[in-house]
Structure formats: structure tokens, C-alpha cells
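Subject: The structure, plus notes

Hi,

Here is the structure I promised to pass on. Have a look at it first, and then read my notes underneath.

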Amino acid sequence: MKKFLLFLGAPGSGKGTQAQKLQNKYGICQISTGDLLREVIARKTDLGKKVANYVHNGELVPDEVIVEIVKDKLAQDKDIKENGFILDGFPRTVRQADLLRKVLQDNNMQLEAVVFFEIDLETIVKRILGRLTCAKCGKIYNSYNNLPAQEGQCDVCGGKVARRVDDTEEKIRKRFSIYKEQTEPLLGYYEDSLIKIAGDKDLNAIFEDLEEIVSAKINA
Ligand code: AMP
């Protein structure tokens, strides 16, 4: 089933976890720009080193760089054309949203829903401080109630599971203020297609809300 969805929300609002769940159940491809950037960094190329400076400091990568990475992903991944996508973490600025509009037009794709995960800063801080991420496949765990079966090892791919370098309290607060300043204006940008979801509920309750929204769109 093909759907073109966009998830908006602050870092730690649950977009990534829910996108992974939706991908597993419905096959819609998660495009996480954070994961794509971490892959670029792991390759240790010149671009990787440049990008690492931004990501590890909790700052946004320049718009042109991230848009090229997204364009490449859309061009290369055949599953996306067949199953659709969930954009997770992109766009993060109004300029990126303008560029995305053009990329979608060029690819004959149209967004069907923009889902906004609403959540407050203190819940985010608590949640991100417990977040553990697989360095290889990006699967998200947490130290409160969702640990991998083997400590430090991903259940899916065997990769190393640890806290991300940008998931410290100082970086979380910095990323949140960048979000407020640069990403929150997108709520106005997508006003007409925006669907709000309560991001502070537990994982399964959020997924139920999300499935309701998406299945309304899926069956539409
Ligand atoms: P995330 O995994 O979504 O929390 O993203 C981790 C980091 O990757 C962010 O703090 C930024 O440094 C970078 N990043 C991810 N997506 C974008 C984007 N759309 N624009 C600029 N930087 C991004």
C-alpha cells in the first residue's frame, strides 16, 4: 500500500519510533534524514567529516546538503516508489519545505498527510536521555522499558546499541531551541494538511492513534 506521509515534531517526540513501527506493519518506507546523515558520517568521507561537525554539535546540516541526500534516496530506493514513504526529520526549515515541494513535483509524488507529534520539552529530555540507538540499522530502544535482548546488541542486525553522541541533556536543549526557531514555523506552512497527535502517551497508544489516522487515509 502506497502512502506519502510526513512526520513533524521536536527531536524525541517519537516520530522515528512510530515511523519504524509503521514501516514494519505496512511496508511504507521510513526516510529518516538523521539515519541517512549518520550513514554518511560512518563512511568517513570528506562530506561525512563536514556533516559530523553539525550533527555531533546538535546543529542543522545546511539545507542544500540535506536536500541532495534526500533526492539521492528517492532516486535510488525502488521500494519508495512502490510503497511510499514516511519523511521523518525532514523538512526542518521552511527553505527545505520549499525544496521538498519541488522534489515531489519532479517525482510526481504528493503528500497525503502531515502528522505533528505534540510534546513538551521536559518529557522530551527524559525520553531522549533513555534513548538507545543501533549504530548500524538505526533501530530505537530505550533504557526504561524497551532494551535489546542482549545488552548493547541490536535484536534486528546485531549492530552496537548505545546512546547517540548528540543525546546529552545539553545537546537536547540546544536541538530543541533550534527546533522552536527553525522547524516550528512549518506548522503554519502545512496548516491545511496538519493532523495533531499526542506525543506524550505511551508507545502503543500513540501507534493506535496513528493507525487510525493513517488507515483513514489508507482506505480513502
Ligand atoms: P535526528 O536523528 O532526526 O534527531 O537528527 C539528528 C541530527 O541530524 C540533527 O540534530 C541534525 O544535526 C541532523 N539532521 C537531521 N535531519 C536534518 C535536516 N532535515 N536538516 C538539517 N539537519 C538535519
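Below is what I found, starting with the ligand.

A quick word on how to read the numbers: this is a predicted model, so local features need pLDDT of at least 70 and side-chain atom pairs count only at pLDDT 80 or more, while totals for chains, interfaces and linings use all residues. Residues are numbered from 1 along each chain as its sequence is written, and side-chain values use heavy atoms, with hydrogens and water left out.

**The ligand**

The ligand is surrounded by 16 residues, and the closest are Thr33, Glu59, Gly89, Arg92 and Gln96. (A residue is near a molecule if one of its heavy atoms lies within 4 Å of it.) By type, this shell has six nonpolar, four polar and six charged residues. For that split, Ala, Val, Leu, Ile, Met, Phe, Trp, Tyr, Cys and Pro count as nonpolar, Asp, Glu, Lys and Arg as charged, and the others, Gly among them, as polar. Helix α2 (residues 33-42) gives the most to the shell, with four residues. Helices here are DSSP runs of H or I with at least four residues, strands are E runs of at least two, and both are numbered from the N terminus.

Which atoms come close to the ligand? A polar side-chain atom of Thr33 is 2.8 Å from a ligand nitrogen. Glu59 uses its backbone instead: an N or O atom there lies 2.6 Å from a ligand oxygen. Arg175 has a side-chain N or O atom 3.4 Å from an oxygen of the ligand. The protein covers 96% of the 480 Å² of accessible area that the ligand has on its own (Shrake-Rupley method, 1.4 Å probe).

**Asp35 and Leu22**

Asp35 sits in helix α2 and counts as buried, at 16% relative accessibility. (Buried means under 20% relative accessible area, exposed over 50%, and partly exposed in between, with a 1.4 Å probe and protein chains only.) Its side chain makes a polar contact of 2.9 Å with the side chain of Arg38. Such a contact is a pair of N or O atoms within 3.5 Å; within protein, one must be able to donate a hydrogen and the other to accept it, and residues adjacent in sequence count only if both atoms are side-chain atoms.

Leu22, in helix α1 (residues 15-26), is buried with a relative accessible area of 0%. Leaving out residues up to four places away in sequence, Leu22 touches Leu5, Phe7, Gly27, Ile28, Ile86, Phe207, Leu210 and Val214, where contact means heavy atoms within 4.5 Å. Leu22 and Leu210 are 188 residues apart along the chain, yet their C-alpha atoms are separated by 8.7 Å.

**Cysteines**

How many disulfides are there? Zero, with a disulfide being a pair of cysteine sulfur atoms within 2.5 Å. Cys154 is unbonded because the closest cysteine sulfur, in Cys137, is 3.8 Å away, too far for a bond. Cys157 is in no disulfide either, and its nearest cysteine sulfur, that of Cys134, is 3.5 Å away.

**Backbone oddities**

Most residues other than glycine have a negative phi, and most peptide bonds are trans. Phe90 and Pro91 are joined by a cis peptide bond, with omega about 0 degrees. Lys44 has a positive phi, near 55 degrees, and is exposed at 64%. Asn108 has a positive phi of about 60 degrees and lies in the loop between α6 and β4 (113-118).

Cheers
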